[in-house]
Amino acid sequence: MINVIAIGAIIHYGKIRNSVTYPELYPIKKIRINYLLPVIATTIGLSIVLSEVDNYFRTFLPMPDLIFEIFKTLFAEDSNIAGPIFVLGVVAPFTEEFLFRGLILRGFLYHYSEQKSILLSSLLFAIFHLNPWQFIGAFI
């Protein structure tokens with residue numbers, strides 16, 4: 001709840017400060033069906049590559065036991081798995097996407113080229129996680 005309220009307040013403030021409507025901030029476009037298969041194939045392939053890059057990264061910079069235990073307790077066998085899956089798989093991605101791909105990317109696009117804006121918002125998104133073991137995946 002804290003995540004939703006905090007990021008919601010930031011998004012609302014940015015919307016008001018920039019005098020835009022929510023539809024302008026988050027335009028919904030039709031998905032071209034002929035793009036669906038290549039996007040799915042690219043996503044699966046990129047996931048495999050990122051997993052291997054992550055494995056390679058962890059050989060040089062192993063995750064400390066404390067952080068590993070924190071991640072491990074999120075999915076402990078004796079706990080209800082629905083809560084962590086909902087928070088980590090639904091709430092966090094939606095709020096982060098609305099903040100970074102909506103408000104922050106739009107702000108960068110106003111001042112910089114598309115390429116620079118995408119790189120800057122991706123870099124900021126990766127730094128936002130404050131976790132070097134998630135940096136590469138978050139940046140990509």
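**Salt bridges, a buried glutamate and two pockets**

Being four residues apart in helix α5, E97 and R101 are separated by about one helical turn, and their side chains meet in a salt bridge, with N and O at 3.6 Å. The model is a predicted one, and a search of the whole structure finds two salt bridges. The points below take up these bridges, then E96, which is buried yet has no salt bridge, and finally the two pockets for which volumes of about 790 Å³ and about 270 Å³ were computed.

**Salt bridges**

- The pair in helix α5 joins E97 to R101 at an N to O distance of 3.6 Å, which falls inside the 4 Å limit that defines a salt bridge.
- Both partners of this pair are partly exposed, since E97 has a relative accessibility of 37% and R101 has one of 31%.
- In helix α3, R58 forms a salt bridge with D54, and the closest N and O atoms of that pair are 2.8 Å apart.
- R58 and D54 are separated by about one helical turn, because they stand four residues apart in helix α3.
- With a relative accessible area of 31%, R58 is partly exposed, and D54, at 23% relative accessibility, counts as partly exposed as well.

**E96 and E97 in helix α5**

- E96 lies in helix α5, which covers residues 82-111, and E97 is found in helix α5 too.
- E96 is buried and takes part in no salt bridge, the nearest side chain of opposite charge being that of R101, at 7.9 Å.
- That distance of 7.9 Å from E96 to the side chain of R101 lies outside the 4 Å limit used for a salt bridge.
- When neighbours within four places in sequence are left aside, the residues in contact with E96 are R101, F125, F128 and H129.
- R101 therefore appears in two settings, as the salt-bridge partner of E97 and as a residue in contact with E96.
- E97 counts as partly exposed because its relative accessibility is 37%, whereas E96 is buried.
- The C-alpha atoms of E97 and I40 are separated by 19 Å, and these two residues are 57 residues apart along the chain.

**The largest pocket**

- The largest pocket has a volume of about 790 Å³, and of the 28 residues that line this pocket, those closest to its centre are F71, L88, H129, N131 and Q134.
- Two or more residues of this lining come from each of α1 (2-17), α3 (33-60), α4 (65-74), α5 and α7 (132-139).
- Helix α7 gives the most to the lining of the largest pocket, with seven residues.
- By residue class, the lining of the largest pocket divides into 19 nonpolar, six polar and three charged residues.
- H129 links two of these topics, being in contact with E96 and also among the lining residues closest to the centre of the largest pocket.

**The second largest pocket**

- The second largest pocket, with a volume of about 270 Å³, is lined by G14, N18, V20, L25, L103, R106, G107, F108, L109, Y110, H111 and Y112.
- Helix α5 gives the most to the lining of the second largest pocket, with seven residues.
- The lining of the second largest pocket divides into seven nonpolar residues, four polar residues and one charged residue.

Note on methods:
Residues are numbered from 1 along each chain as its sequence is written. This is a predicted model: local features need pLDDT of at least 70, side-chain atom pairs count only at pLDDT 80 or more; totals for chains, interfaces and linings use all residues. Side-chain values use heavy atoms; hydrogens and water are left out. Buried means under 20% relative accessible area, exposed over 50%, partly exposed in between (1.4 Å probe, protein chains only). Lys and Arg count as positive and Asp and Glu as negative; His and the chain ends are not counted. Contact means heavy atoms within 4.5 Å. On a 1 Å grid over the protein atoms alone, a cavity is a set of points where a 1.4 Å probe fits but cannot get out, and a pocket is an open set with protein on both sides within 12 Å along at least five of seven lines; lining residues have an atom within 4 Å of a point. Grid points are joined across faces, edges and corners, and a volume is the space filled by probe spheres set on the points. Ala, Val, Leu, Ile, Met, Phe, Trp, Tyr, Cys and Pro count as nonpolar, Asp, Glu, Lys and Arg as charged, and the others, Gly among them, as polar.
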